[in-house]
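Biologist: I am new to this structure and would like a close look at a single part of it. Please pick a place where two elements meet, and then follow the contacts outward from there.

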Amino acid sequence: MTVDVTPTSVSGINIKSSQNRLLIKNGRVVNDDGIEDLDVYIEDGIIKQVGRNLIIPGGTRTIDATGKLVMPGGIDPHTHFELEMMGAKCADDFYKGTRAAVAGGTTCVIDFVLPQKGQSLLEAYNNWREKADGKVCCDYGLHVGVTWWSPAVKKEMQQLASEQYGVNSFKMFMAYKDAWMLDDYDLYCAMETCAELKALPQVHAENGHIIARNTEKLLAKGVTGPEGHQLSRDEEVEAEAVNRACVIANQAGAPLYIVHMMSKSAVRALQLARSRQRHALIGETLAATVGTDGSHYGNACFRHAAAHVLSPPLRPDPSTPQAMCEALADDHLQLIGSDNCTFHEKDKQLGKDNFAKIPNGVNGVEDRMAILWQKAVNTGIMDPCRFVAVTSSNAAKIFNIWPQKGRIAVNSDADIVVWDPKLERTISAANHKQAVDFNIFEGQHVVGSPQYVVVNGRVCLDDGELRVVEGFGKFLKTPVESPMIYDGQQSQEEAPHRPEFLEAPMRVTNGTPSPDLGLMNKSVESLSVSGCSTPTGRKMREPGQRNLQTSTFSISKEIEGLDTKTSVRVRNPPGGKSSGLW
């Protein structure tokens, strides 16, 4: 049974004194660059010691993590809480949304400020801060949408990117015609401004004009149900916009982050762009994309079909979920978010007779990590190190909050998940913590979930019992000029190609690299030494299980410095140049 504990229900308990010292022992610490058997000591919300035989003060609570993985708390780079759109308001506010996040192992979210056309960006930013600051159960940051363009918008972007406001990412829409969409000229201007500020431009990549015309034609033919949503914006419409966004970014001399990539065609377009691009290209996909597919749009029940409507849509190609998991494992995509934007059934009913009026959005902030673990780690597509990278560390690096977040290390924030890889459960709206009464992953059986979740040193999921505190989280500034995005870059005049160190890694299958990738590999007799493991793209072996790959396993030359005392580190920053077609 899970129980929410709010400030009003913890009277008589001194939260600070009872939570300020914590030892997590006997677990396997998983970072993005390796796994090692270590204990973790936390005090006053900060990781103070990592190692063995630690000297711990009296009065310290101990969590025995034997048989468990100790990982950095998840960072969801894409949420929408309390967003008003298409005549409706999201069901999850900042309390309910972050409560659900913590329940699923996510300890930090980055939400989107989305101004209306003509609205001051600073005004919208302040509105979001007012909505969130007193409600969040974990730390949060903000992206800011650029939904219209003028010299005043540019000036406000400069202000928001300052230390005072702490915003380093700005989102532009290529869809939602007559609402948030920018034309190519304004998009170019916004990307140039981001490059000048050393901020990161983000785009929702779909061709809004094609969608608008296709919608008119479908409605004229009498196609009004949710199936029309996917028909109006197929993979080609997404892939074209991905390519165009990359071209504009390249011309503007800017890096680019493409949110919620939903199709194999879009990933191919991003890979091709990397072969010519001078700056980092980052790709994000969603829990929804790897956890389900577009077959639901044909369901005869409107409630069921409409509950799956989001943009870009889920794809009907049944091979898409596995392909997107593989893209994450191969570093063709760098992050997985949720795009959590939930609406009650009554709100989805606004589009009962016109699919274009169905509020767009699905759940995912609570189930993001468990779904990816089930679909990618348990199937052998991805190992735990890469899982940590795409659910936490890469986001921390990209948005310049690493190693404060996204890492188990001394002086990092004590945002930690004790993950039980054998914990089994069935996902259902009947017992999830989100406010919405529908779950797109309904009935899915997952093996692997958090047993304990520590937020800023406080145990907020305690052996399955949820004990979040409303307002406990704080706003997290994201400084500009992220080293992951801007270090080592060359100007457009200096560099016909991107720096070699941004090369993406290669996933190895059965010990044999794909022949068309052209990367030299070297064999490694064994990558498990002194209780350490390394990122390989492979599923973690059970203790005592024979390693069938010992004599044939190959790994990219990007791995450096094998050492028997520490974890192996991999030089593969997110968004690196693609090595070939996927």
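Modeller: Let us start where helix α4 passes helix α5 in a right-handed crossing (the near helix is turned clockwise from the far one by less than a right angle; anticlockwise would be left-handed). This is a predicted model, in which local features need pLDDT of at least 70 and side-chain atom pairs count only at pLDDT 80 or more, while totals for chains, interfaces and linings use all residues. Residues are numbered from 1 along each chain as its sequence is written, and side-chain values use heavy atoms, with hydrogens and water left out. Helices are DSSP runs of H or I with at least four residues, strands are runs of E with at least two, and both are numbered from the N terminus.

Two packed helices are described by the angle between their axes and the distance between the axes. Here α4 covers residues 151-160 and α5 covers residues 184-197; their axes lie 10 Å apart, at an angle of about 30°. The axes are lines fitted to C-alpha atoms over the stretch in contact, and angles run from 0 to 180 degrees between N-to-C directions. The two helices are therefore roughly parallel to each other (under 35 degrees; over 145 is roughly antiparallel, 65 to 115 roughly perpendicular and the rest oblique).

Which residues do the meeting? From α4 come Lys154, Met157 and Gln158, and they meet Ala190, Thr193, Cys194, Glu196 and Leu197 of α5, where contact means heavy atoms within 4.5 Å. Sorted by type, the residues of this contact are four nonpolar, two polar and two charged. For this sorting, Ala, Val, Leu, Ile, Met, Phe, Trp, Tyr, Cys and Pro are nonpolar, Asp, Glu, Lys and Arg are charged, and the others, Gly among them, are polar.

Side chains of opposite charge can pair when their charged atoms come close. Lysine 154 forms a salt bridge with glutamate 196, with 3.5 Å between the closest N and O atoms (the cut-off is a side-chain nitrogen of Lys or Arg within 4 Å of a carboxyl oxygen of Asp or Glu). Lysine 154 belongs to α4 and glutamate 196 to α5, so the pair ties together parts that are 42 residues apart in sequence. Lysine 154 is partly exposed, at 27% relative accessible area (buried is under 20%, exposed over 50% and partly exposed in between, with a 1.4 Å probe and protein chains only).

Following the salt bridges outward, a search of the whole structure finds 26 of them. One of them joins the side chains of aspartate 139 and lysine 474, at 2.9 Å from N to O. Aspartate 139 is in strand β10 (residues 139-145) and lysine 474 in the loop between β19 (465-466) and α16 (483-486), so this pair ties together parts 335 residues apart in sequence. Aspartate 139 is buried, with 0% relative accessible area, whereas lysine 474 is partly exposed at 39%. Both belong to a network of salt bridges that also links Lys405, Asp413 and Asp415.

Another salt bridge brings together the side chains of lysine 177 and aspartate 178, at 3.7 Å from N to O. Lysine 177 is partly exposed, with 37% relative accessible area, and aspartate 178 is exposed at 72%.
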